[in-house]
Amino acid sequence: MMLPEWLRVGRIAGFVFLLAMFLSSYAFAEGPQSTPSIFAPTSTPAIDIHHLSLFVLEITGAIFVVVASLLTYVIIRFRAGNAEDDREPAQIYGSNQVELAWTVIPVLIVVVLFLTTARVIFAIQDAPMPQAALEVTVIGHQFWWEYRYPKQGLVVANELHVPLSDAKQPTPTHLKLLSADADHSFWVPQLMGKIDLIPNHPNEMWINPLTSGLYVGQCAQFCGVQHANMLLRVYVDTPEQFAAWVNNQAKPGMQDPSVAEGRRVFETEACMNCHTVQGTAATGRFGPDLTHLMSRDTLASGEIPNTRDNLRQWIKSPDSFKPGALMPAMQLSDSQLDQVTTYLETLK
Amino acid sequence: MADRTLPIDGSLDLTPPREGESTWLETLHSWVITVDHKKLGLMYMMLAIFFLLVGGGEVLFIRIQLAVPNNHFISPQVFNRLFTMHGTTMVFLVGMPLVFAWANYMIPLQIGARDMAFPRLNAFSFWLTAFGALFLYFSFLGGAGLYGVGNAPDVTWWAYAPLTARAFSPGNATDYWALALLVTGFGTLGGAINIIATALSMRCKGMTLMRMPLFTWLLVVDSGLLLITITPLTAAQVMLMLDRYLGSHFFDTQAGGQAYLWMHFFWIFGHPEVYVLVFPAFAISSEVIPVFSRKAIFGYPAMVAASVGIAFVSLGVWAHHMFTVGMTSAGNAFFALSTMLVGIPTGIKIFNWVATMWGGKIRFATPMLFCTAFLFQFLTAGLTGIMLSVAPWNWQLHGSYFVIAHFHYILVGAIVFNVFAGIYYWFPKATGRMMNETLGKWHFWLFFIGFHVTFDTMHFLGFEGMPRWIYTYPADRGWDHLNLVVSIGGLIQGVAVLIFAYNLISSLLKGTIAGNDPWDAWTLEWSTASPPPAYNFATDPVVHSRRPLWDVKHPEDPDWKYE
Ligand SMILES: [Cu+2]
Ligand SMILES: [Cu+2]
């Protein structure tokens with residue numbers, strides 16, 4: 001028997017579908033090293049959200065299976081067979097009972113979903129902060145992050161360090177979110193969902209990380225040309241590591257006489273109008289604080305590894321990594337470049 | 001069974017025999033000056049299809065750029081312009097004109113009228129929309145402005161403040177964006193007023209409101225929604241222009257303005273807008289599914305009530321786009337609840353469509369294939385919508401590729417699928433010729449597969465933490481292969497659309513002659529000639545039920561006995 005035409009075409013097309021599915025299963029085979037996946041939470045709000053999301057997935061998944069099976073059954077069972085027979089099927093115009101049933105059931109589902117959701121909203125948003133909580137102010141800039149620790153008196157950039165918390169004696173971190181220019185959004189999926197940084201509208205969020213390590217994420221609200229490279233790196237340190245880190249960051253910039261030429265370049269070629277190096281004349285606030293530049297693993301808000309070559313190339317031409325970034329190429333000579341790079345390399 | 005002669009009033013074709021072929025220029029002229037609802041409907045449709053191709057072309061560049069990590073195919077500046085234009089185009093130059101394409105062409109035919117209530121307003125609205133569209137695209141040339149920077153807007157289609165302030169957006173690109181939407185917005189208002197007036201005052205004898213075809217009902221509700229929602233958008237554009245040129249500070253955060261304010265204005269428009277765009281899709285399915293299942297629509301009053309219900313509730317959910325902007329816990333809970341409530345009338349609609357198919361004799365011609373796929377996709381989109389309404393989970397999903405997947409399931413999986421269904425279904429009416437079924441099936445299956453390869457995969461990219469609006473991504477995030485799959489799916493869809501375009505043109509030229517009523521359907525438009533004469537119906541039709549042609553074809557068992 002000849003297959004109906006819609007099925008014949010469908011079969012060929014189905015082959016293409018299988019091919020595509022094969023490709024995508026290949027995609028899942030390889031796992032990345034550090035993932036910004038929302039299904040690998042390591043900190044409390046993210047963990048609560050994860051549990052909630054699994055519950056919602058179960059409900060919606062069940063609805064999908066029921067309705068989609070019904071639909072599939074209807075498609076198979078009621079498709080027109082014999083083309084000769086052109087009698088019309090029985091006409092049914094509606095049924096109040098049936099209609100009522102499929103109104104009431106969704107209403108019940110909504111009630112359950114809403115109550116569960118509301119509980120989590122209030123639990124996260126209205127959680128009291130313990131005394132031990134660390135306060136950090138996050139300031140979004142086009143296209144980098146500034147972090148201030150008011151109690152510790154620190155100003156750092158691009159790589160956020162927070163202490164590991166433990167379930168018995170929680171030391172969560174409370175983040176105050178501000179913006180210096182456009183809207184941004186702070187999103188490190190393994191720690192917490194995103195909250196926006198909006199000018200003139202201070203926001204806040206908290207995290208309570210339970211596993212140490214590095215967590216990645218990125219700005220999640222379009223903020224201009226280099227929005228894509230406004231990456232986030234959060235280091236969850238053990239209490240000892242964190243104390244050592246704070247200790248180092250609190251020191252003024254290294255004053256090494258052997259790199260005096262480089263420092264002169266830095267202080268005469270406008271770098272210092274935009275950058276701060278604590279303890280020197282450089283007090284610019286437009287760009288990232290460079291006092292402890294070498295303590296960071298990356299440059300340009302997580303875009304490139306912090307190596308000498310990258311640093312030199314960045315100073316020579318920021319656009320070669322991050323076209324449209326707000327740091328101008330300063331047209332330094334090769335020797336000036338070497339000198340200033342060497343100077344920056346002493347800022348441990 | 002096709003092409004029976006129907007003894008319904010008004011079905012006579014009284015067109016005078018054609019007086020010679022008119023020249024090319026005369027034809028063009030007659031289209032430009034026309035106030036005929038059918039021609040305007042077709043012009044809206046052509047405008048929409050043209051920009052669908054343009055917007056699709058833009059996305060081609062985007063998908064090539066994102067196919068592999070750290071790609072340098074296009075610069076970030078160009079990428080940002082492309083996605084801004086893609087979004088703006090698809091919403092304002094494709095989705096909106098489509099509303100009016102369907103409404104203009106179909107409503108007078110379905111309610112037995114000779115034209116819209118205000119034919120000149122109709123033409124005016126169309127030309128406003130068309131010129132607004134040209135204006136937006138002119139920004140590619142004119143957007144440089146005095147500063148020599150910025151051509152074409154690059155602020156996303158949300159155009160969030162303060163990126164649109166002069167400090168962040170020098171040049172004129174943002175002005176083109178704001179003014180173009182202002183102009184098309186007025187066109188939209190004119191169209192919406194016209195549709196409501198037409199349905200309220202032009203119905204033929206016997207066509208009570210509760211006998212109006214669901215298609216017409218949905219577009220009327222849609223127009224009501226448009227009247228309410230375009231207004232805040234227009235107001236916001238005016239405020240933006242005041243900020244940019246007259247020194248006001250509504251959104252200018254550097255001078256104490258509120259970015260927050262724009263968000264509310266934008267989403268009070270933006271959320272209902274989604275329903276504005278999807279209602280024509282509901283409308284088409286509400287015609288196609290009954291006809292191809294050979295059954296009356298199940299629960300007509302419930303369908304009408306659900307449509308009005310959706311429209312109403314959709315006005316109170318806008319801040320679910322703002323769960324991450326730092327609302328109070330009570331605010332977040334409220335908008336989570338109101339959003340979940342939309343699921344109830346939406347569920348009713350899906351169940352009623354399925355119930356219509358239940359017990360029927362379903363013929364899977366191309367229009368029905370598209371509508372069946374739509375049901376699955378709309379179900380999925382509804383469920384991902386529920387996931388997004390769960391505010392805490394939304395903090396993760398918002399602004400990620402999951403959201404992109406969700407709304408493309410609506411914009412493509414529901415709207416574009418139904419637009420295709422509608423075109424295959426009514427093409428014979430508008431042109432007098434059938435579209436090729438074999439090509440139609442190729443089109444359907446390829447598009448269906450391409451759609452799922454692309455958009456199913458995008459959900460997983462969202463789970464993996466990939467945000468939208470990024471022109472590139474590092475290789476270590478685990479997004480590489482999935483992005484490649486998404487791009488491949490896009491390509492398959494592109495091929496399907498080319499098949500469709502070919503089918504459209506070749507069927508127009510040499511498709512088999514359709515006759516008045518090729519699908520053996522039941523609404524009034526099928527009682528007149530294909531294409532309908534300029535006056536639609538020679539005499540005013542008289543109807544006795546929701547399916548006037550059913551009554552004629554089945555005098556032994558007419559509908560009006562049951563309604
Ligand atoms: Cu950003
Ligand atoms: Cu919405």
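In the predicted model, the side chains of A:E88 and B:R294 meet in a salt bridge, with N and O 2.6 Å apart. Side chains of opposite charge can pair when their charged atoms come close. The count of salt bridges between chain B and chain A is 1, whereas the structure holds 16 over all chains.

The interface that contains this pair takes 115 residues from chain B and 103 residues from chain A. Together the two chains bury about 9,300 Å² between them, and carbon and sulfur atoms account for 72% of that area. On the side of chain B, the residues that lose the most area to chain A are B:W395, B:Q396 and B:R477, which together make up 9% of what that side buries. Polar contacts were also identified across the interface of chain B and chain A, with 30 residue pairs found. Several helices of chain B give two or more residues to the side that touches chain A, among them α3 (76–110), α10 (366–389), α13 (437–463) and α14 (480–510). The most is given by α9(B), with 16 residues. By class, this side of chain B comprises 69 nonpolar, 32 polar and 14 charged residues.

Within chain A, two domains are assigned: domain 1 (31–76 + 106–239) and domain 2 (257–345). Contact between them involves 17 residues from domain 1 of chain A and 19 residues from domain 2 of chain A. Their C-alpha centres lie 32 Å apart. The area buried between the two domains is about 1,500 Å², and 50% of it comes from carbon and sulfur atoms. Across this domain interface, 11 residue pairs are in polar contact, while the count of salt bridges between the domains is 0. On the side of domain 1 of chain A that touches domain 2, the elements giving two or more residues are β2 (144–149), β3 (154–157) and β10 (231–237) of chain A. The residues of that side divide into 9 nonpolar, 5 polar and 3 charged.

A further salt bridge of chain A joins A:E345 and A:R308, whose closest N and O atoms are 2.7 Å apart. Because A:E345 lies in helix α8 (residues 334–345) and A:R308 in helix α7 (residues 308–316) of chain A, the pair ties together parts that are 37 residues apart in sequence.

Chain B supplies the donors of a metal site. The copper ion (ligand 2) is coordinated by B:H271 through ND1, and by B:H320 and B:H321 through NE2, at 1.7 to 2.0 Å. The spacing of these donor residues in sequence is H-x48-H-H. B:H271 belongs to helix α7 (residues 259–293) of chain B and B:H320 to the loop between α8 (300–314) and α9 (329–357), so this pair ties together parts that are 49 residues apart in sequence.

The backbone was also examined. Most residues other than glycine have a negative phi, and most peptide bonds are trans. A cis peptide bond nevertheless joins A:Q142 and A:F143, with omega of about 0°; A:F143 is located in the loop between β1 (134–141) and β2 of chain A. In chain B, the peptide bond from B:S530 to B:P531 is cis, with omega near -10°, and B:P531 lies in the loop between α14 and α15 (548–553). B:T156, although not a glycine, has a positive phi of about 70°. This residue, B:T156, is found in the loop between α4 (119–142) and α5 (173–201) of chain B.

Definitions and conventions. Residues numbered from 1 in each chain as written. Chains lettered and ligands numbered in written order. Predicted model: local features only at pLDDT ≥ 70, side-chain atom pairs only at ≥ 80, totals over all residues. Heavy atoms only, no water. Domains from an automatic or database assignment. Contact = heavy atoms within 4.5 Å. Buried area = accessible area lost by both parts, 1.4 Å probe. Salt bridge = Lys/Arg side-chain N within 4 Å of Asp/Glu carboxyl O. Polar contact = N/O pair within 3.5 Å; in protein donor to acceptor, adjacent residues only side chain to side chain. Helix = DSSP H or I, 4+ residues; strand = E, 2+ residues; numbered from the N terminus. Nonpolar A, V, L, I, M, F, W, Y, C, P; charged D, E, K, R; others polar. Donors = N, O, S within 2.8 Å, 3.2 Å for Na, K, Ca; no water.
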